[in-house]
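Please read what follows with the sequence and the coordinates side by side, moving from a single residue outwards to the chain as a whole.

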Amino acid sequence: MTPSKPAPVDMLLPPAVIEDPSPLRVSTFAKPEYAKLTFVYGKAEDSSATWPVYCKSFTVYIPTGRQASALTSEPKLIRYELTVPEGKRQWNVQRDDRDPNQTAFTCSPPPGQPAVFDGTWQVQLQLWGIEVNGGAGPVDITWEESTSTNGSDFLKRTGRGEVSKRDDSFYLHSFRPASVAIGRATKAVLYWEGTSSATYTMYYRNPDGTQGSAPAKDGRWESPVALVDDSSFTLKAEMDGEIRYLTTYIKVNDPDIAVTNVTANGNVTIHEEKELRVGRIRGAGTFPSLQIQSHVQANSEDPGRTIAFHSKFTANAALTANGPLIARGTLDAKGQVTVDGALDAKGTLAVGGALNAKGTLTVGGTTTLNGATNTKSVTVDPGANGYLWLKTGRFDAAAGTNVNTYGALAAHGSASLVGSMSLLHYFRSVPGTRTFTANTSGLVFGVVHVRNEGGNGWIRITSGGATLAHAWWEHRGSATAVALVRKGQTFTLEFSREAARGHMDCHFRWLPFGVGAAQAVLEDAEPATAINDITQPPQAETEAGA
């Protein structure tokens with residue numbers, strides 16, 4: 001609260017004026033503002049006057065109306081009170097609001113008893129409940145006194161004071177950027193219009209994605225960091241417990257973008273010598289597929305981590321993956337495919353060039369390989385009606401390797417499944433046994449031919465104490481035994497007769513399964529001998545046998 005400007009010097013009792021608040025605030029439609037004015041008489045005299053000063057009355061005029069030069073448009077709301085020191089005669093206050101342009105408050109002591117001010121006491125007129133109008137600016141308040149220096153020659157003297165009305169209403173508007181589009185790595189500059197006495201805070205996005213805040217003032221703010229992406233800003237204004245917000249947005253040209261999902265209704269172009277680095281990429285649509293026109297290099301940050309294609313993937317050139325690769329849909333590569341690990345294709349696999357997989361190859365659908373294939377193992381699972389079709393060329397298994405079929409094997413053309421028959425051992429009249437180990441599966445044939453009457457006898461093929469096959473004869477006759485021997489199985493050939501008379505031939509032959517299959521290996525170091533004529537034993541054998 002501050003006193004008003006001093007009154008003109010011709011007044012003997014210029015009042016001291018105190019305004020509350022100081023300066024006064026204008027009212028708004030949403031919020032009326034009220035003022036209190038205090039006028040103190042007798043506290044100070046004019047510099048040209050001397051004590052005592054005699055006073056019959058003094059009057060304060062409050063300008064009324066809606067204009068900026070008036071104080072209030074509601075004069076009837078003004079309340080008043082005059083305070084006189086204890087022991088002094090009581091004064092009277094009269095209010096006059098008949099003039100629409102002003103309201104007068106006249107204060108006077110009892111008639112015929114003028115008050116004598118000697119500088120030691122004062123009276124105080126207080127006006128409150130003044131609803132300040134909405135016009136900002138200075139307001140002139142005039143006053144009038146009836147005073148005398150001798151107690152008889154009373155004159156009316158006038159003066160004036162001034163109070164100020166300020167538009168201190170809470171407002172905030174016109175929040176905008178200096179430019180709606182800025183270059184990448186440029187700081188944002190923002191402007192706004194608002195109440196100067198309000199407190200402002202700016203909220204913005206930090207580079208790490210968190211929310212940042214900073215104080216703002218004077219209608220201008222510059223971001224503390226340069227922008228690399230489009231960003232929004234929120235301005236908070238607070239005054240007397242009331243809070244308001246405004247938000248604006250800035251576009252950054254050539255921004256850095258970090259998103260979770262991206263949908264492009266047109267083409268996405270990556271400039272030359274620039275990379276598209278993604279952890280996962282897929283085609284769009286109900287049955288999505290992905291087609292790439294050039295060489296695809298699929299790298300995982302962790303070389304041992306699996307790289308996955310979850311839908312149809314087409315590469316119109318080579319495909320290289322630095323780790324295991326799994327394709328949950330069709331995988332179609334027009335060029336060479338190189339996988340630094342296992343390749344698991346759940347659907348169709350089509351490779352236009354060489355296929356190199358350092359791990360296993362597993363295919364769940366049709367497989368088309370137009371080049372050399374190098375992998376550790378191949379699993380094909382095209383379904384109940386699927387097949388593995390070698391269109392041209394041949395299917396080879398290297399020496400020392402196995403080809404296993406765990407279901408039915410049907411050959412619709414010529415097939416060679418057996419090797420050349422060979423002689424395992426020849427017994428001529430003399431009984432005996434020989435033991436062998438088979439390095440491939442096959443059949444063992446034992447045949448006895450008695451040339452003349454030679455008594456009874458038998459031949460037998462056993463393995464691990466079990467009889468695989470046996471045959472016997474009486475007197476002059478013959479006998480034949482056939483046994484199936486599996487790969488790795490050890491078996492024994494036995495020839496026996498009851499009497500050592502007569503002449504008879506006993507020979508055992510070996511028929512292996514598989515073209516070029518190795519012959520059985522003898523445990524007694526006597527190699528088997530291949531024969532072409534299976535009806536006659538070798539003439540080089542002696543009566544005592546081999």
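In this predicted model, a convenient place to begin is Asp-344, which is found in strand β28, the run of residues 343-345. Is this aspartate buried or exposed? Its relative accessible area comes to 19%, and because a residue counts as buried under 20%, Asp-344 is classed as buried. Leaving aside residues up to four places away in sequence, Asp-344 is in contact with Leu-325, Ile-326, Ala-327 and Thr-362.

From here the reader can turn to a sheet. Five strands make up an open sheet, arranged in the order β21-β24-β27-β30-β33 with parallel pairing. The edge positions are taken by β21 (296-298) and β33 (373-374), each of which has a single partner strand, so one side of each remains without a neighbour in the sheet. Within this arrangement, strand β27, covering residues 337-339, runs parallel to strand β30, covering residues 355-357, and the two are joined by three bridges. One residue of this pairing can be followed across to its partner, since Val-339 is bridged to Ala-357 in β30.

The aromatic residues offer another way through the model. A pair of aromatic rings is described by the distance of the centres and by the angle of the planes. The count of aromatic pairs is 14, and among them is the stacked pair of Phe-436 and Phe-491, with 5.7 Å from centre to centre and 25 degrees between the planes. These two phenylalanines bring together distant parts of the chain, for Phe-436 belongs to strand β36 (residues 432-437) and Phe-491 to strand β41 (residues 490-497), at a separation of 55 residues. Both Phe-436 and Phe-491 are buried.

Phe-491 also forms a stacked pair with Trp-510, in which the centres are 6.3 Å apart and the planes differ by 15 degrees. Because Phe-491 lies in strand β41 and Trp-510 in strand β42 (residues 504-512), this pair ties together parts that are 19 residues apart in sequence. Trp-510, like Phe-491, is buried.

Elsewhere, ring pairs connect Tyr-41, Phe-58, Trp-91, Phe-117 and Trp-121 into a cluster. Charged side chains also take up positions over aromatic rings: Lys-56 lies over the face of Phe-154, 4.5 Å from the ring centre, while the charged end of Arg-244 sits over the ring of Phe-170, at 4.6 Å from its centre.

What, then, of the cysteines, and how many disulfides does the structure hold? The number is zero. For Cys-55, the nearest cysteine sulfur is that of Cys-107, 9.4 Å away, and Cys-55 is in no disulfide; a disulfide is counted where the sulfur atoms are within 2.5 Å. Cys-55 is buried, with a relative accessible area of 1%, and Cys-506 is likewise buried, with a value of 0%.

It remains to place these details in the chain as a whole. The chain contains 44 strands and zero helices. Of its 546 residues, 37% count as buried, and the surface that the chain exposes amounts to about 31,700 Å², of which carbon and sulfur atoms supply 49%. Finally, among contacts between residues at least 6 apart in sequence, 58% join residues that are at least 24 apart.

Terms used:
Residues are numbered from 1 along each chain as its sequence is written. This is a predicted model: local features need pLDDT of at least 70, side-chain atom pairs count only at pLDDT 80 or more; totals for chains, interfaces and linings use all residues. Side-chain values use heavy atoms; hydrogens and water are left out. Two strands pair if DSSP finds at least two bridges between them. Helices (H or I, at least four residues) and strands (E, at least two) are DSSP runs, numbered from the N terminus. Rings of Phe, Tyr and Trp (its six-membered ring) pair if their centres lie within 6.5 Å; planes under 30 degrees apart count as stacked, over 60 as edge-to-face and the rest as tilted. Buried means under 20% relative accessible area, exposed over 50%, partly exposed in between (1.4 Å probe, protein chains only). A charge sits over a ring if NZ of Lys or CZ of Arg is within 6 Å of the ring centre and within 35 degrees of the ring normal. Contact means heavy atoms within 4.5 Å. Accessible areas come from the Shrake-Rupley method with a 1.4 Å probe; for residues, only the protein chains shown count as cover.
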